[in-house]
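The following dialogue is intended for a reader new to this structure. Please keep the sequence and the model in view while reading.

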Amino acid sequence: MANWLVRTTELIGIKSKDELTQTFAKVLIEELSLAHCLVLSPNNEGRRLIPHDSSLSVSWSVNDLSNPFAHVLQNSKAMTLSADELLFWQTDRAFCELVSQVGMFDGVRIQPLPLQSKYVQFVLYMQGEPSKINTAFEDDMCTAFVGVFTKQWQLLDELEKEQRDLKELSQSLSEIQRDRKQHELANDLSHSLIGESRIMQRLRQQIVSAAASQLSVMVQGETGTGKELVAQAIHQLSARNQKPMVAINCAAIPENLLESELFGYCKGAFSGADSDRQGLIAQADGGTLFLDEIGDMPLALQAKLLRVLESKRFRPVGGKEEQASDFRLVSATHVNLLAQVQAKKFRQDLYYRLFQYPLTLPKLAERLEDIEQLSLHFINEFNELHGRTIRGLHYRALDCLKQYAFPGNVRELKHLIEFGCAQTDDNSEISEGSLANRIACLNFELKSLSEPTQMVAPSHFIQDSPYQHQPSDFAGITDLKQAVSDYEEQIIRDRLNFFAGNRGKAAKSLGIPKRTLAYKCQKLEIKAL
Ligand SMILES: Nc1ncnc2c1ncn2[C@@H]1O[C@H](COP(=O)(O)OP(=O)(O)OP(=O)(O)O)[C@@H](O)[C@H]1O
């Protein structure tokens with residue numbers, strides 16, 4: 001005689017739906033001596049009937065009437081099938097497999113649950129003696145057991161839903177908190193990265209989110225737009241701010257020295273390497289490595305950098321052992337690196353690795369509304385540095401600034417303001433007069449560059465010098481960097497010719513160290529005369 005009351009207590013207190021279903025099926029098997037028992041329920045979309053048994057990887061369509069489950073679901077009515085009747089249900093392969101073990105005298109009952117409900121939540125599959133499976137639900141105690149199961153399931157389902165809702169709520173709360181924190185950080189940043197134009201507000205938000213990520217950041221912008229300032233902000237706002245930010249300008253270091261600067265070297269690696277020296281990659285461990293003007297990195301070194309970025313391991317020049325360094329890379333460029341990739345001067349694979357989080361800085365001319373705030377910021381800086389009390393900027397001086405194109409961007413504005421401050425008395429404002437002449441000069445220089453015939457030689461050319469330069473035609477220049485490099489080469493060749501190849505004299509006459517001239521000759525491929 002089944003003791004349904006005792007067995008019902010087994011269902012109470014179960015906290016997981018899987019365990020509840022397993023216990024329910026186990027009790028039915030034991031109390032009704034079933035050969036097999038399976039609980040199934042429709043999936044979230046209600047299209048398929050899924051068994052609650054992880055060892056089965058089958059499911060049945062709720063609309064496919066070639067299996068009896070679909071009939072039970074659609075009619076909300078139990079179905080009993082004898083071993084003989086099962087022969088009529090051979091078209092559904094999965095169902096055939098399920099009933100393949102039904103003995104000659106056994107039968108199958110497919111019962112929708114909850115009992116007496118039109119809304120089917122489960123389908124119960126029972127396989128066993130027909131006398132037991134067909135009369136089980138006539139017993140009130142068994143019916144109560146099944147009722148407790150369905151109620152307990154609903155309770156767990158509701159609890160699960162509540163927990164899901166709670167989790168979602170706490171997730172959206174932490175998202176709101178994160179957004180608020182990011183907003184605060186972006187606001188704090190506005191004290192050092194000045195500008196309330198929309199483009200600057202957006203940039204500050206991007207900096208905050210870039211800093212929170214581990215991605216490689218590429219800062220692009222013209223000279224003087226604040227690339228270095230942005231790189232510092234990313235480091236300061238990142239979790240790496242307790243470790244160093246190590247910076248190097250790839251354009252300022254001779255090619256042959258750049259590798260040992262970055263990777264370090266071991267004693268004896270080359271003549272002059274009389275002790276081991278740590279490179280910048282090792283110094284940046286835990287912190288940030290800032291590679292300024294990365295477009296100038298030689299191709300061979302680009303390949304080595306890519307390897308380091310991918311493996312976080314590097315080998316010092318002349319070293320046998322690899323070392324590890326965990327750094328975040330921030331790079332900057334003022335050139336169009338994609339064009340460099342197309343011209344095969346920059347590796348495409350490295351390009352994509354560097355541009356994981358691109359940031360583009362606007363030209364100052366694109367945010368004229370920020371000029372006033374930037375000017376006041378630089379006046380304050382000037383006052384603090386020099387113990388002065390300049391009061392601000394006259395509105396006409398501001399108008400005057402807004403008329404200028406600022407090819408040197410914020411750096412040029414800073415210099416102009418410093419120039420204006422130097423000419424202004426304490427407790428006075430910078431006047432239009434103190435800036436107008438300087439801006440007129442700058443405009444003239446700019447114009448001279450675009451109208452070469454009217455060019456006046458800059459003051460640093462010595463008019464009566466024996467090696468006086470003849471201004472050439474600049475109108476056709478489309479690549480400033482190349483043009484400057486050609487110009488530099490021409491000057492060096494002229495000067496070396498003049499001194500019959502004497503590098504010492506040529507260097508002295510150009511006001512540069514002999515070593516720098518040697519490096520430039522090597523870079524520009526100027527052979528000894
Ligand atoms: N938004 C800004 N707010 C305050 N100061 C700024 C801002 N942008 C640039 N500056 C100042 O302008 C000067 C130039 O900035 P920075 O060196 O970061 O520019 P850059 O783009 O790296 O220049 P370059 O490419 O020539 O090296 C610095 O003195 C910097 O503090």
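Q: What are the helix and strand contents of residues 152–186, and how far apart are the end C-alpha atoms of this span?
A: In this predicted model, the span from 152 to 186 is 100% helix and 0% strand. Its end C-alpha atoms lie 50 Å apart. The UniProt record, an unreviewed entry, places the feature "coiled-coil region" at these residues.

Q: How many helices and strands are there in the protein?
A: The protein has 20 helices and 17 strands. Of its 529 residues, 27% count as buried. As for contacts between residues at least 6 apart in sequence, 64% join residues at least 24 apart.

Q: How should a sheet be read, and in what order do the six strands of the open sheet stand?
A: In general, the strands of a sheet pair through backbone hydrogen bonds, and the pairing is either parallel or antiparallel. Here the order is S3-S2-S1-S6-S5-S4, with antiparallel pairing.

Q: Which strands stand at the edges of this sheet?
A: The edges are formed by strand S3 (60–61) and strand S4 (79–82). Each has a single partner strand, so one side of each is left without a neighbour in the sheet.

Q: Over how many bridges do strand S1 and strand S2 pair?
A: Strand S1, residues 36–42, and strand S2, residues 48–51, pair over three bridges in the antiparallel sense. Within this pairing, Ser-41 stands opposite Ile-50 in S2.

Q: Which residues are the closest to the ligand?
A: The ligand is surrounded by 17 residues, of which the closest are Thr-223, Gly-226, Lys-227, Glu-228 and Val-410. Two or more residues of this shell come from each of helix H8 (227–237), helix H14 (371–386) and helix H16 (409–422).

Q: How is the shell around the ligand made up by class, and from which domains does it draw at least three residues each?
A: By class, the shell holds five nonpolar, eight polar and four charged residues. Domain 2 (190–362) and domain 3 (365–454) each supply at least three residues to the shell.

Q: Is Tyr-352 buried or exposed, and why?
A: A residue counts as exposed if 12 or fewer other C-beta atoms lie within 10 Å of its own. Tyr-352 is exposed because it has 12 other C-beta atoms within 10 Å.

Q: Where does Tyr-352 lie along the chain?
A: Tyr-352 lies in helix H13, which covers residues 348–354. Leu-338 is 14 residues from Tyr-352 along the chain, and the C-alpha atoms of the two are separated by 9.8 Å.

Conventions:
Residues numbered from 1 in each chain as written. Predicted model: local features only at pLDDT ≥ 70, side-chain atom pairs only at ≥ 80, totals over all residues. Helix = DSSP H or I, 4+ residues; strand = E, 2+ residues; numbered from the N terminus. Buried ≥ 20, exposed ≤ 12 C-beta atoms within 10 Å, placed from the backbone. Near = placed C-beta within 6 Å. Nonpolar A, V, L, I, M, F, W, Y, C, P; charged D, E, K, R; others polar. Domains from an automatic or database assignment. UniProt positions renumbered as here; feature names shortened; annotations may be inferred. Contact = placed C-beta atoms within 7 Å. Pairing = 2+ DSSP bridges.
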